[in-house]
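Colleague: I am new to this model and would like a close look at one part of it. Could you take me through how a pair of helices meets, and then set that pair in its surroundings?

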Amino acid sequence: MKKDTALMHALTRDEWETASPERWVARTPKGLSRQVVEEISSLKGEPDWMREKRLQSYDIFLQKQMPLWGADLSDLRFDDISFFIRPQDRQFASWDEVPADIKTIYNKLGIPQAEQNMLAGLVGQYESEGFYAKLREVWEKKGVIFTDTDTAVKKYPDLMKEYFMTRCVPVADHKFAALHGAVWSGGSFVYVPKGVRLDMPLQTYFRMNAPQSGQFEHTIIIADEGSSVHYIESCTAPRYSTDSLHSAVVEIFAKKGASVKYTTIQNWSKNVYNLNTKRALVYEDASVEWVGGSLGSKATMLYPCSWLIGRGARARHLNIATAANGQWKDTGAKVIHGAPYTTSRVISKSIAMAGGRSSYRGLLKIAKGAKGAKAHVQCDALLLDDRAQSDTYPYMDVYESDAEVMHEASVNRVTDEQLFYLKSRGLNADQSLDLIISGFLDPISRELPLDYALELNRLIRMEMEGAVG
Amino acid sequence: MRESILFVNNLHASIGHTPVLNGVSLSVGAGEVHVLMGPNGSGKSTLAAAIMGSPVVTITSGTIGLYGIDITNDSTEERAKRGLYLGFQNPAELAGVGMMTFLRSVLASNGAPLDSEVIFKERMVSLVERTGLAWQVLDRNLNEGFSGGEKKRNEVFQLSVFQPKVAVMDEIDSGLDVDGARIVGEELKRFVAGGGSLFLITHSGMAARALNPRVVYIMKDGKIVKRGDKDLMEFIETHGFDSL
């Protein structure tokens, strides 16, 4: 892979945390109300059924409580957030047409080149809506659908009615699912027909630009029987002193024999509340793989969830989270074995430094009747200094005696002794830490394409700059 | 006048508030072997740590020099880059850091051109086997789960890989059996024959036997109390430190 096509290539944190001038052609006033929800729907020109669903969600949102556990959300003010910002009045068919200010950040990140060289399709979203969606002809011809979700509402209503927040993430699931149901905008819709196996990934890139805004993209991936797809998403935002909110929902349906790999590298700036719901329904002999790197944000709550509801269904969760200076990452995995001979493997690695707090929160449930189920959870924490904090909250509910469950946890502290040893061989502080951290993350980084592994390492190094003396 | 490669001048140092080195002076010339012995608690390891710039040791007065350059205020990595090496008495375990990755990273950071992974591995295998370690140790993580003897041999193995100019070896022979001590002695001999200068801290003198020490120091209560040659070493072995 040429270096040019690497994700988030060669940007310094300053460069991508620099905002572009604000632009919008339509936006809702700050705060949330029934009117705001109505306005969002009307600005989008949505069919009645979707508008109704939004309003129902809003009612549920009002009734539900904020979570009493997890990251500290006490500073989150719904009244101070703009829930919908439309930056341009249409979608663009080619990069040439995309306005310069939007294009700048995407160019810097090498997204257009990546699309040319290594992607099967790309959706670009700026603020609340997608401005670009392209799928290579070869896949279009095979019946693959890859577009932004707003377009899918209008173009594929039957699919949307069946799959959108119905049995995967219902709107009543929790407060933020309900919020999402009311104000969702943008995201991607993927449908892969039976037997179609994409050999290049699909990618969506989200950029939040305006201050005090929210991004609520909704992604649905339907992999029909025997199909396979790798979907990658990444997101960034400029740094402001005020808070923004990101509350996305991802619903994955891996039908019989299908395989879906979902990779995220999240690098929101440190003023973003990142509260997401990602869930997969995994049918007979299908597999889902979640690979995630959570580096940025002020607070993240994210527990990708796999429901193994078909015989022989498999899930793998590989997760890396870093937390520094005032960041609170509460992340983990949920796996529910609801059928026999299902297998799951969770590897969660977190790095905490300089006052950051990183927690693993996971649920492993093996339902009665899930005979021959095998589950393995490994959560490792690396503390770089005395001010870092790491906690583990593993929940295990096993109702089937014919099941194999293993849970391993470790906490490792980088000691002065270790650093002195490496320095005595001529490595400086950064190089020493790099070696230790790369070694720690290796079981996960070797699952990433080389480009991503290199970028992930680079991003983590940036997070650490100056964090340890 | 014989050029001093490693020079310690009236060094006073503390660990926390406790003075541990109370005026140590020594000078090691090119290609020479100097041996330091002394009872437990005399400050030998602290001296080794101070020479390497350990963050735990505070220099209160005196200087340390390498090739005539004052390195008293240099960082540890700077000292290493100048060619100084410390063989630890209790090497730290680096979980997750593979031996090969470590070796290559260090060589790369010194600007050494690197062979292909295959050729490099072959070279490492032959070097590591010379110290009596099984080659499989190269597929493990740095010192992680190594026995005491394996850790010592690893410190000696790294000498042949990194080829420093001055090696301070802190009790490299303790915890090794007779054969192990002999192998280590031979490796150290090779190191000196290749032009290295050696400051060997030893509890028993086992490894020093194969070498030809120019000076033998006896340390007690943070100071050097006696200087001599090989005969002094033999005297201590027979009569102990109390007889001084």
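Modeller: In this predicted model, helix 3 of chain A passes helix 9 of chain A in a left-handed crossing. On the side of helix 3 of chain A, the contact is made by Lys53(A), Arg54(A), Ser57(A), Tyr58(A), Ile60(A) and Phe61(A), and these meet Lys175(A), Ala178(A), Leu179(A), Gly181(A) and Ala182(A) of helix 9 of chain A. Helix 3 covers residues 48-63 of chain A and helix 9 covers residues 175-183, and the two pack with their axes 7 Å apart, at an angle of about 150°. Because angles over 145 degrees count as roughly antiparallel, helix 3 of chain A is roughly antiparallel to helix 9 of chain A.

As for the surroundings, the secondary structure of chain A comes to 12 helices and 25 strands. The radius of gyration of chain A is 21 Å, close to the 23 Å that the globule rule gives for 469 residues, so the chain is as compact as a globular protein of that length. Taken along the principal axes, the box filled by the C-alpha atoms of chain A is roughly 65 × 55 × 45 Å, and buried residues account for 55% of the 469 residues in the chain. If one takes the contacts in chain A between residues at least 6 apart in sequence, 83% of them join residues at least 24 apart.

Technical notes: Residues are numbered from 1 along each chain as its sequence is written. Chains are lettered from A and ligands numbered from 1 in the order in which they are written. This is a predicted model: local features need pLDDT of at least 70, side-chain atom pairs count only at pLDDT 80 or more; totals for chains, interfaces and linings use all residues. Helices (H or I, at least four residues) and strands (E, at least two) are DSSP runs, numbered from the N terminus. The radius of gyration is taken over C-alpha atoms; the globule rule is 2.2 Å times the number of residues to the power 0.38. A residue is buried if 20 or more other C-beta atoms lie within 10 Å of its own, exposed if 12 or fewer, and partly exposed in between; C-beta atoms are placed from the backbone. Two residues are in contact if their C-beta atoms, placed from the backbone, lie within 7 Å. Axes are lines fitted to C-alpha atoms, for helices over the stretch in contact, and angles run from 0 to 180 degrees between N-to-C directions. Angles under 35 degrees count as roughly parallel, over 145 as roughly antiparallel, 65 to 115 as roughly perpendicular and the rest as oblique. A crossing is left-handed if the near helix is turned anticlockwise from the far one by less than a right angle, and right-handed if clockwise.
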